Amino acid sequence: MSLKVSLAHHLYAFSLPPHLTVEWKTARAAEEIDRLFASLANARPIERESREKNRERILDHFRQHRSLAGLPLRFLRQAPWFLFETDAEGARPVDDPEFRAAWRAWFVGHATTGTAISLLHNLLLHAPGQEQVAFWKEDLERLLAQGKHPQLAAWKERCERFHLLEPDGPMTFASALYRGEATLHELCQQAGLQGDLATGGFVRRGLTHLLEMMGRYAEKDGLRHEELKTLLHGLRDQQGRFRTLVSGFATRLAEVLLRPFQDREAETKLRNMVRDFLLGYLGDPRTHPAAWQGVPPEARAVILAWLAGRPKQIDDKLRLFIQEANRQLADLETDLYQMQSQGQATPDPVLQRAMQRLHGIVGVAEFFNLFDVIELSHAMETTLGGLRARSIPWSAGLPERLIREHGELREQLNALPGMVPIR
């Protein structure tokens, strides 16, 4: 027996020593070990072409004879790999009560370690529903309890510890993640949910329960910074990247995280953490709109407001800022039209006054994180400074551009909540 196979037969899953610093090379090695062990220690998938041929061979035989007698053992041992798969018409072999009973009778009398693990693997991979799991549960638990093989003993311990064959299994999985008992990577490793099982049906159901728990908690008590930080950290892989999880999870998570702030302001630390997490996970919605397509518009509006620096509610401080900004903008508009009429002969004091007005707007906008206002004001200030220092050549189009940008500044202020637009 090779060293790889011997290690794969070890009772417990491999894990890195807790004191070992996980840098990118270490993490890459750990991922490769996980992949290797998943292929050796667990069930070995059959190639799709071979699986489909054997499926048709077995089902045709059963349709003709209403029995599995006469089929080679090697074909019947492959049945777990297509029992729960749907065909082009949406049918599954396991949905035929007669076929399911016939293969179960064969399985009880001829089960091997490999066949038992393959059946368990595919139950966890497809998560066909509690009724189906319950149909196979008694036979599987008996084989796991009676089996002498180390792999059967390992799966018995995992099934008991993580309730893999119980109705509350996915909820138990979600609760462990929610409480921060382990990261998703660690939990999947401990439960033997590696390889294709890491994105399989059992994990998908667990993550669905996790989102439901987060949603109920957010509506009842509100999201808390430290607890959410631990939970979100658990979704990273060993290299610190946010894991690519099951399909649709990222957009549903974004909705859960942003929904509480559709009608109230987020505390600064919490807002920054949620914003940075989602930008790392899905990208900026302004530059990666496709990744955000599945997120409801109301939730997208929250993060877009955060990125633009627009508060959702108006208070006395913001109202005073808006009044001051409007006063500065009115005076700035006068300066810009003077520049347009006087052209290159515009005196330096006019340019200096315009720069001071923009600087005053920026100073207060920074207090409220109005990033769009700050960015555009800085750009206009740079242009005026270049004209004053003669580092930017004068052109007839410059005043027109500055007047247009002045209008954009006005629109950004008009977009603030509670504003009565000023034209």
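Here a colleague asks a modeller about the terms used for this predicted model.

Modeller: Residues are numbered from 1 along each chain as its sequence is written. In this predicted model, local features need pLDDT of at least 70, side-chain atom pairs count only at pLDDT 80 or more, totals use all residues, and side-chain values use heavy atoms, without hydrogens and water.

Colleague: Why is Ser118 called buried?

Modeller: Buried means under 20% relative accessible area (exposed is over 50%, partly exposed in between; 1.4 Å probe, protein chains only). Ser118 has 8%, so the word applies. Ser118 sits in helix α6.

Colleague: What does the side chain of Ser118 reach?

Modeller: Its partner is the backbone oxygen of Gly114, at 2.8 Å. A polar contact is a pair of N or O atoms within 3.5 Å; within protein, one must be able to donate a hydrogen and the other to accept it, and residues adjacent in sequence count only if both atoms are side-chain atoms.

Colleague: How do you know what span to expect of α7?

Modeller: The expected span is 1.5 Å times one less than the number of residues. With 17 residues (130-146), α7 reaches 24 Å from first C-alpha to last, close to the expected 24 Å.

Colleague: Where does α7 bend?

Modeller: At Lys137, by about 40°. That is the angle between axes fitted to the seven residues ending there and the seven starting there. Lys137 is also among the buried residues of α7, as are Trp136 and Leu140.

Colleague: Which helices help cover those buried residues?

Modeller: The cover includes α5 (97-110), α6 (113-126) and α8 (150-162).

Technical notes
Helix = DSSP H or I, 4+ residues; strand = E, 2+ residues; numbered from the N terminus. Contact = heavy atoms within 4.5 Å.
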